[in-house]
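The following report describes selected local features of a single model. Attention is given to individual loop residues, a pair of helices and the empty spaces.

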Amino acid sequence: MTSVNRQIRLAQRPVGRPDENTWKITTESIPEPSEGQFAVRVDYASVDPAMRGWINDVRSYVPPVGIGEVMRAHCVGRVHSSNNTDYPVGQIVSGPFGITEYAVSDGTDVQVVDEALAPARTWLGGLGFPGMTAYFGLLDVGRMKPGDTVLVSGAAGAVGSLVGQIAKLHGCRVIGIAGGRDKCGWLTDELGFDVAIDYKFESVGRALHNAAPDGIDVYFDNVGGQILNSALAVLRTGARVVLCGAISGYNATDPQPGPSRYLSLLVNRASMSGFIVTDYLDRFPEGMAAMSEWIRRGLVITREQVETGGVNAFGSTLNMLFDGANTGKLVLQMHEE
Ligand code: NDP
């Protein structure tokens with residue numbers, strides 16, 4: 001067995017898209033847990049658009065990752081050695097272990113993974129933060145009601161694919177926006193979306209007018225930019241816009257303009273609310289119970305795209321998100337086998 005532990009550290013803050021100068025790989029020995037701690041062999045790391053924000057030196061909902069620090073990431077892995085009886089050797093856990101092959105933890109923000117509910121990597125997707133983001137963002141922030149017309153962008157991604165399926169389960173008409181014919185086909189043919197708009201191929205504004213001639217009740221926004229503007233143009237009276245993310249601008253080097261059609265919120269007495277999934281931590285048991293039941297019954301399909309290559313592949317894997325090269329939840333396998 002190897003005694004080497006490699007990790008990704010932030011080398012410098014990128015301007016625009018992260019590149020090979022953004023990251024450095026460091027090597028240490030496998031950490032030994034102190035009293036009350038345990039060491040985890042990290043199997044899968046969640047690769048998230050939010051990572052781009054975490055490496056900016058700006059005030060946000062979490063402090064920025066510091067230069068030289070191990071890159072923050074939510075992961076699943078197996079307890080490798082332990083001085084904590086709550087986390088015995090062999091236990092599968094999820095937690096904020098970072099982009100590292102091995103990590104130590106005292107159990108803070110760690111969850112025990114029950115593989116009877118779903119495979120470990122699904123705990124980074126449908127049973128992880130993306131699942132909770134979709135569940136609470138749609139039902140609580142978006143106040144979705146049966147019969148609503150729900151529009152979601154980034155629809156073939158981790159959060160968006162779940163948002164659309166949860167809305168369908170509740171009797172909504174669902175329109176998804178995604179990039180590419182394969183993604184759109186997956187949404188309509190396998191996930192049950194009513195309509196999928198390929199924003200790389202067709203005019204979103206025109207397609208929305210055709211797909212929702214009477215307008216939309218909920219827009220779950222994962223991407224911002226021009227797609228947000230097009231969605232604002234088709235709001236119904238009392239519509240709710242859920243501001244979940246705005247990936248189209250995450251690598252922008254200039255300030256991004258606000259949506260010129262924002263007066264649609266006024267005209268339609270509509271609202272636009274931002275949220276952070278961790279606001280709902282105390283209600284995660286409710287979200288987990290619902291998601292795991294829907295997944296178990298096959299009512300919600302969760303898909304993880306597993307990239308290999310461990311720490312060597314982290315930088316290129318992160319950039320896949322900005323290129324739309326993932327379908328479902330993007331995860332990085334941290335060890336070769
Ligand atoms: P995804 O799995 O959806 O991956 C990102 C996707 O964004 C890509 O696959 C790509 O799909 C799409 N995309 C990239 N660039 C653009 C662009 N310029 N215009 C339109 N679409 C683009 O990621 P997640 O599901 O993990 O996250 C989705 C969003 O939710 C992100 O904005 C993220 O920051 C946010 N988020 C917010 C949380 C919160 O608490 N508020 C929690 C978790 C996520 P395509 O091929 O369709 O272009």
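## A buried threonine in a loop

Leaving out residues up to four places away in sequence, Thr22 touches Arg9, Leu10, Ala11, Gln12, Pro14 and Ile55. The model that shows these contacts is a predicted one. Thr22 belongs to the loop between β1 (4-10) and β2 (23-29). Its relative accessibility is 1%, so Thr22 counts as buried, the cut-off being under 20%.

## Helices α5 and α6

Helix α5 spans residues 204-211 and helix α6 spans residues 225-232; the two pack at an angle of about 35 degrees, and their axes are 9 Å apart. The crossing in which α5 passes α6 is right-handed. On the α5 side the contact involves Val204, Gly205 and Leu208, which meet Ile227, Ser230 and Ala231 in α6. Sorted by class, this contact of α5 with α6 comprises four nonpolar and two polar residues, with no charged residues.

How much of α6 is covered? The helix is mostly covered, with six of its eight residues buried. The buried residues of α6 are Ile227, Leu228, Asn229, Ser230, Ala231 and Leu232. Ile227, Ser230 and Ala231 thus appear both in the contact with α5 and in the list of buried residues.

## The second largest pocket

Helix α6 also takes part in an open space of the model: with four residues, α6 gives the most to the lining of the second largest pocket. The volume of this pocket is about 260 Å³. It is lined by 16 residues, of which Gly224, Gly225, Pro257, Gly258 and Pro259 are the closest to its centre. One of these, Gly225, falls at the start of α6, a helix of residues 225-232.

By class, the lining of the second largest pocket consists of six nonpolar residues, nine polar residues and one charged residue.

## The enclosed cavity

How many cavities of 30 Å³ or more does the structure hold? There is one cavity of 30 Å³ or more, and the volume of the largest cavity is about 50 Å³. Its lining is made up of Gly125, Gly126, Pro130, Gly157, Ala158, Ser161, Leu162, Thr302, Arg303, Glu304, Gly328 and Lys329.

Helix α3 (residues 158-169) supplies the largest share of the lining of the largest cavity, namely three residues. In terms of class, three of the residues lining this cavity are nonpolar, six are polar and three are charged.

## Cys244 and Tyr280

Cys244 is located in the loop between β12 (235-243) and α7 (263-267). With a relative accessibility of 24%, Cys244 counts as partly exposed, because this value lies between the limits of 20% and 50%. When residues up to four places away in sequence are not counted, Cys244 touches Thr133, Val159, Phe220, Asp221, Asn222 and Phe275. Cys244 and Val234 are 10 residues apart along the chain, and their C-alpha atoms are separated by 19 Å.

Tyr280 occupies the loop between β13 and α8 (284-296). At 12% relative accessibility, Tyr280 counts as buried. Neighbours within four places in sequence aside, Tyr280 is in contact with Phe136, Asp140, Val141 and Phe275. Phe275 is therefore a contact of Tyr280 and is also listed among the residues that Cys244 touches. Between the C-alpha atoms of Tyr280 and Ile227, which are 53 residues apart along the chain, the separation is 27 Å.

## Positive phi at two arginines

Which phi value does Arg143 have? Arg143 is not a glycine, yet its phi is positive, at about 45 degrees. The residue lies in the loop between α2 (129-141) and β8 (149-153). Its relative accessibility of 46% means that Arg143 counts as partly exposed.

Arg269 likewise has a positive phi in a residue other than glycine, with a value near 50 degrees. Arg269 is placed in the loop between α7 and β13 (271-274). At 64% relative accessibility, Arg269 counts as exposed, since the cut-off for that class is over 50%.

Conventions
Residues are numbered from 1 along each chain as its sequence is written. This is a predicted model: local features need pLDDT of at least 70, side-chain atom pairs count only at pLDDT 80 or more; totals for chains, interfaces and linings use all residues. Side-chain values use heavy atoms; hydrogens and water are left out. Axes are lines fitted to C-alpha atoms, for helices over the stretch in contact, and angles run from 0 to 180 degrees between N-to-C directions. A crossing is left-handed if the near helix is turned anticlockwise from the far one by less than a right angle, and right-handed if clockwise. Contact means heavy atoms within 4.5 Å. Ala, Val, Leu, Ile, Met, Phe, Trp, Tyr, Cys and Pro count as nonpolar, Asp, Glu, Lys and Arg as charged, and the others, Gly among them, as polar. Buried means under 20% relative accessible area, exposed over 50%, partly exposed in between (1.4 Å probe, protein chains only). On a 1 Å grid over the protein atoms alone, a cavity is a set of points where a 1.4 Å probe fits but cannot get out, and a pocket is an open set with protein on both sides within 12 Å along at least five of seven lines; lining residues have an atom within 4 Å of a point. Grid points are joined across faces, edges and corners, and a volume is the space filled by probe spheres set on the points.
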